Amino acid sequence: MTKTFSGNFFEDFRVGQTIRHATPRTVTTGDVALYNGLFGARFAVQSSDAFAKSIGYPQSPIDDLLVFHIVFGKTVPDISLNAVANLGYANFRFLAPVYPGDTLNAVSEVIGLKENSNRKTGIVFVRSVGYKADGTQVLEYVRWVMVHKRDAAAPSPGEHIPRLPTALDVNLLGDACPPIDSGAYDNVLAGSPYRFGDYNVGEKIDHIDGVTVEEAEHQIATRLYQNTARIHFNQFNEGQGRFGRRLVYGGHVISLARALSFNGLGNAFHVAAINGGRHVAPLFAGNTVFAWSEILAKAELPRRNDVGALRVRTIATKDKPCNDFPLKNGEEDDPAVILDLDYWVLIPR
Amino acid sequence: MTKTFSGNFFEDFRVGQTIRHATPRTVTTGDVALYNGLFGARFAVQSSDAFAKSIGYPQSPIDDLLVFHIVFGKTVPDISLNAVANLGYANFRFLAPVYPGDTLNAVSEVIGLKENSNRKTGIVFVRSVGYKADGTQVLEYVRWVMVHKRDAAAPSPGEHIPRLPTALDVNLLGDACPPIDSGAYDNVLAGSPYRFGDYNVGEKIDHIDGVTVEEAEHQIATRLYQNTARIHFNQFNEGQGRFGRRLVYGGHVISLARALSFNGLGNAFHVAAINGGRHVAPLFAGNTVFAWSEILAKAELPRRNDVGALRVRTIATKDKPCNDFPLKNGEEDDPAVILDLDYWVLIPR
Amino acid sequence: MTKTFSGNFFEDFRVGQTIRHATPRTVTTGDVALYNGLFGARFAVQSSDAFAKSIGYPQSPIDDLLVFHIVFGKTVPDISLNAVANLGYANFRFLAPVYPGDTLNAVSEVIGLKENSNRKTGIVFVRSVGYKADGTQVLEYVRWVMVHKRDAAAPSPGEHIPRLPTALDVNLLGDACPPIDSGAYDNVLAGSPYRFGDYNVGEKIDHIDGVTVEEAEHQIATRLYQNTARIHFNQFNEGQGRFGRRLVYGGHVISLARALSFNGLGNAFHVAAINGGRHVAPLFAGNTVFAWSEILAKAELPRRNDVGALRVRTIATKDKPCNDFPLKNGEEDDPAVILDLDYWVLIPR
């Protein structure tokens with residue numbers, strides 16, 4: 001009887017099951033520095049304590065996506081160590097700001113199960129919550145993932161498909177952004193003259209720059225989150241596997257695209273929610289990532305005059321600049337597209 | 001007369017000589033973050049201030065091996081810049097916990113010398129001590145290393161071979177672990193259900209996962225420790241040298257194996273002592289490291305009911321999974337084995 | 001009308017123009033750790049709070065070159081995104097120590113312009129100042145850079161060439177170094193027995209060691225500074241460009257050479273000023289960097305007995321050891337030389 005944990009398989013899950021995840025993690029300015037070195041984010045609120053204080057934060061908050069990656073990383077050993085593919089997200093929103101010194105924990109509830117017809121795999125729906133040591137919830141999201149069965153002959157653990165919204169209601173946004181003094185928000189220091197009123201629905205923005213990913217970079221990032229998914233780290237195994245090489249963590253692409261989006265969305269300092277997303281194709285070291293965005297919608301927040309919400313669709317590509325906004329190739333996905341992300345950002349009014 | 005220091009040669013050492021090492025180093029949460037990004041450690045005590053406090057620590061201590069690497073790094077310019085090989089360790093134990101903000105220093109005493117029969121090299125035995133700015137000793141170990149002579153014709157600086165134990169007595173363990181509240185220790189958050197009583201002598205554990213090492217990763221790690229050993233950094237020279245390429249610092253393998261060992265030894269949160277170790281073969285960038293462990297012994301600590309000690313032998317391999325516990329190939333070492341480490345860990349009872 | 005910023009072109013600048021740069025940046029011990037991991041600096045004052053305090057600092061200051069890189073990085077989007085080449089520096093001096101927790105900002109004034117005869121490019125001279133959130137100036141320098149015109153037919157924005165000194169007057173040095181207790185400065189802990197009085201004008205020092213640069217390393221470093229110059233990050237574009245590959249940020253070479261210079265200049269703990277510098281040839285990942293230095297001058301500082309100033313010329317090479325102090329090959333630069341830097345360091349008397 002081995003003491004090594006090989007992760008859960010499809011038939012190990014039950015609807016209603018609650019899973020408390022290991023390893024609690026105190027987030028520090030050290031994590032922030034390393035995240036900056038890996039992605040080069042330039043949003044002023046997260047970069048400068050002085051700037052953050054000038055608009056009403058007690059100090060710079062931790063980058064939203066770093067919070068996500070850490071919470072997500074905790075769920076991997078229990079939820080997706082035996083995953084075939086990460087299929088989707090819904091109801092994904094940030095609930096409270098996180099600051100250096102806060103300790104993050106994660107818990108998941110299994111809210112749906114569906115065995116696939118081949119009986120070799122099934123889909124697991126979990127609602128995961130990240131929370132601080134004092135219980136404050138900082139993030140919640142639903143994720144569904146295709147997981148191997150240990151034994152194809154094992155009976156299905158049940159079938160229940162939860163109803164999930166395609167987008168977050170604007171009334172649910174903003175809990176992780178304290179009231180800010182938008183008059184004190186300095187556009188020049190922030191690096192962009194454009195605020196809520198300057199964006200138009202349907203507007204497309206080419207973020208221009210490209211960044212080439214190295215093996216050391218994505219491995220360091222993914223380990224920083226204590227994400228243990230094997231496919232990112234083990235060339236010996238992956239060299240004999242599906243792609244012949246290590247796969248870059250999908251969240252790495254999201255963070256790269258977010259950092260690139262600064263050029264054109266520099267004042268959109270807070271990711272409030274993610275409506276949905278799709279990893280359209282895999283990314284490997286050596287590829288160069290580009291991105292473009294479209295403004296899908298604009299919304300005022302109830303009882304808030306300080307910030308407004310932009311619903312943004314950001315497309316990331318590999319080895320293809322985005323000056324012509326690549327997306328489809330006839331009916332098919334453009335083969336250069338690797339990410340299609342639909343999310344809400346907050347931006348000063 | 002150059003001001004550059006080229007390190008000591010065998011004939012420069014004298015038994016009884018004390019060497020205070022440069023450079024004092026304040027350890028910070030920044031070092032912790034980078035160490036985490038490089039190795040992906042998941043032990044809850046070192047990862048979460050909240051968890052550490054819940055069992056009686058004032059905050060998360062610095063990872064034991066990070067303390068070791070920093071202390072070791074200080075000794076390199078004086079002891080092993082002209083080393084042929086690092087031969088062994090003994091009497092290696094941690095003496096006090098280290099916290100962010102502590103400044104580490106190192107001092108070594110030469111306790112043995114033995115010229116080799118070829119007269120070109122000799123073995124230097126040093127007892128090195130790491131201590132804080134206030135004088136608190138945090139780590140001591142004996143290390144012996146084969147060092148070049150500057151001049152084969154130089155007389156031997158004397159011969160004295162110290163007597164060294166093959167393992168640390170269990171009575172000497174635990175000084176670096178404060179009394180903990182093992183009842184408050186949360187197995188689920190820690191990521192493992194297994195405590196002291198659950199391990200059996202002779203038990204073998206395959207740690208399953210593998211991790212591929214990149215040049216940037218081992219260079220960043222080794223520089224973080226201010227370890228100046230040239231063979232790790234200089235492809236121009238090493239390209240013409242023994243291996244044709246840069247050699248990964250042996251301590252890097254130890255940290256990789258320790259991080260991998262979490263899967264199966266997740267509650268063994270503290271390395272109390274190292275009985276001995278051998279770098280069986282060199283590691284290079286591009287190799288994938290695997291590891292397995294055997295429980296060599298179990299011991300209760302005198303006057304402590306909170307934690308027990310496991311004596312563990314961890315074997316690391318390159319480019320070979322450890323499901324069949326590779327070690328020997330007939331009389332020879334299995335050519336995949338790179339590390340054979342014998343050490344004591346503490347684990348809650 | 002796109003919201004993406006493509007940087008200024010030569011005809012966008014005006015003499016007398018003031019440019020406040022985005023993104024304010026709080027410097028932390030996390031940045032220090034990552035900088036250490038990337039360069040392996042060993043100067044005791046910057047490495048140990050205890051050491052720094054023992055000589056009169058309130059704590060370890062941030063490495064001077066890290067301050068420079070961060071300030072420089074802020075100027076890139078506005079000044080040099082469309083640069084052909086960085087041509088030179090003058091009047092470059094550090095004005096106040098920077099500590100973890102300080103927030104850095106930058107502002108530049110255009111002090112000179114000169115269109116080139118081909119009318120496709122011009123030279124922009126800017127005086128850039130780095131300052132803390134409370135207004136304290138920490139660094140100033142003049143830099144001139146060749147910038148593309150958007151439109152060769154555009155009229156020149158004027159011509160004015162500022163007069164610039166070839167070296168900083170010694171009376172202007174030392175503002176960023178508080179009075180230190182040179183008696184309390186411990187040579188052994190600092191790692192060098194040589195002080196101000198031990199260096200001679202004309203003395204040459206081979207710093208011996210070499211360090212190979214990896215793509216991940218220079219990318220992480222350059223992003224840490226939020227430097228957005230495209231040529232460092234985008235293999236897709238650069239693969240079709242001038243060099244066929246990504247170019248390492250010139251400041252990376254300066255930091256590598258400074259770290260290497262510890263071996264021979266270990267007590268020269270503070271870079272007080274840079275008289276001038278030239279990136280003689282480009283550096284690429286895979287190259288190994290070596291360095292040597294010559295003492296150009298020595299000077300006492302007015303009203304200070306604690307430290308003296310050495311004017312140092314440091315030459316960095318790629319793939320060529322510096323034991324014979326490579327510099328010229330007849331009339332030409334030695335093709336291995338990549339950096340020729342003339343600067344003032346302070347060292348205890």
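Helices here are DSSP runs of at least four residues (H or I), strands are runs of at least two (E), and both are numbered from the N terminus. The model is predicted.

**Exercise 1. A positive phi in a loop**

Task: Locate A:Gln226 in chain A, and decide whether A:Gln226 is buried or exposed.

Solution.
Step 1. Start with the backbone. A:Gln226 is not a glycine, yet its phi is positive, at about 55°.
Step 2. Set that against the general rule. Most residues other than glycine have a negative phi.
Step 3. Place the residue. A:Gln226 sits in the loop between helix H6 (215-224) and helix H7 (235-238) of chain A.
Step 4. Apply the cut-off. Buried means under 20% relative accessible area. A:Gln226 has 5% relative accessibility, so A:Gln226 counts as buried.

**Exercise 2. A positive phi in a strand**

Task: Find which element holds B:Asn91, and explain why B:Asn91 gets its accessibility class.

Solution.
Step 1. Read phi. For B:Asn91 the angle is near 50°, again a positive value in a residue other than glycine.
Step 2. Find the element. B:Asn91 belongs to strand E2 (residues 83-94) of chain B.
Step 3. Recall both limits. Under 20% is buried, over 50% is exposed, and partly exposed lies in between.
Step 4. Classify. B:Asn91 is at 27% relative accessibility, and therefore counts as partly exposed.

**Exercise 3. Two cis peptide bonds**

Task: State which residues the cis peptide bond joins in chain A and in chain C, then place A:Thr23 and C:Thr23.

Solution.
Step 1. Recall the background. Most peptide bonds are trans.
Step 2. Take chain A. A:Ala22 and A:Thr23 are joined by a cis peptide bond with omega of about -10°.
Step 3. Take chain C. The bond from C:Ala22 to C:Thr23 is cis, and omega is near -20°.
Step 4. Check the elements. A:Thr23 is part of strand E1 (residues 18-26) of chain A. C:Thr23 lies in the loop between strand E1 (18-20) and strand E2 (25-26) of chain C.

**Exercise 4. Strand pairing in chains A and B**

Task: Name the strands that pair with E2(A) and the strand that pairs with E1(B), and give a bridge partner for each pair.

Solution.
Step 1. Begin with strand E2 (residues 83-94) of chain A. E2(A) runs antiparallel to strand E5 (residues 137-148) of chain A, with eight bridges between them. A:Tyr89 has A:Arg143 in E5(A) as its bridge partner.
Step 2. Look for another partner. E2(A) also runs antiparallel to strand E8 (residues 270-279) of chain A, over two bridges. Here A:Arg93 is matched with A:Ala273 in E8(A).
Step 3. Move to strand E1 (residues 18-26) of chain B. E1(B) pairs with strand E3 (residues 103-115) of chain B in the antiparallel sense, through six bridges. B:Thr18 is opposite B:Glu109 in E3(B).
Step 4. Add burial. Seven of the nine residues in E1(B) are buried, so the strand is mostly covered.

**Exercise 5. The side of chain B that touches chain C**

Task: Describe the contact between chain B and chain C, then say which element of chain B gives the largest share.

Solution.
Step 1. Count residues. Chain B contributes 37 residues and chain C 46 residues.
Step 2. Read the area. About 3,100 Å² is buried between the two chains, with 55% from carbon and sulfur atoms.
Step 3. List polar features. There are five salt bridges between chain B and chain C. One of them joins the side chains of C:Glu214 and B:Arg246 at 2.8 Å, N to O. The rule also finds 21 residue pairs in polar contact.
Step 4. Assign elements. E1, helix H1 (29-39), E3, helix H6 (215-224) and helix H7 (235-238) of chain B each give two or more residues to this side. E1(B) gives the largest share, seven residues.
Step 5. Sort by class. This side of chain B has 12 nonpolar, 17 polar and eight charged residues.

**Exercise 6. The side of chain B that touches chain A**

Task: Work through the contact of chain B with chain A, and name the residues of chain B that lose the most area.

Solution.
Step 1. Count residues. Here 46 residues of chain B meet 37 residues of chain A.
Step 2. Read the area. The two chains bury about 3,100 Å², 55% of it on carbon and sulfur atoms. In chain B, the most area is lost by B:Arg42, B:Ser47 and B:Leu189, together 17% of what that side buries.
Step 3. List polar features. Five salt bridges cross between chain B and chain A. Among them, A:Arg246 and B:Glu214 meet through their side chains at 2.8 Å, N to O. Polar contacts link 21 residue pairs.
Step 4. Assign the element. H1(B) provides the largest share of this side, eight residues.
Step 5. Sort by class. This side of chain B divides into 21 nonpolar, 14 polar and 11 charged residues.

Terms used
Residues numbered from 1 in each chain as written. Chains lettered and ligands numbered in written order. Predicted model: local features only at pLDDT ≥ 70, side-chain atom pairs only at ≥ 80, totals over all residues. Heavy atoms only, no water. Buried < 20%, exposed > 50% of the residue type's maximum accessible area, 1.4 Å probe, protein only. Pairing = 2+ DSSP bridges. Contact = heavy atoms within 4.5 Å. Buried area = accessible area lost by both parts, 1.4 Å probe. Salt bridge = Lys/Arg side-chain N within 4 Å of Asp/Glu carboxyl O. Polar contact = N/O pair within 3.5 Å; in protein donor to acceptor, adjacent residues only side chain to side chain. Nonpolar A, V, L, I, M, F, W, Y, C, P; charged D, E, K, R; others polar.
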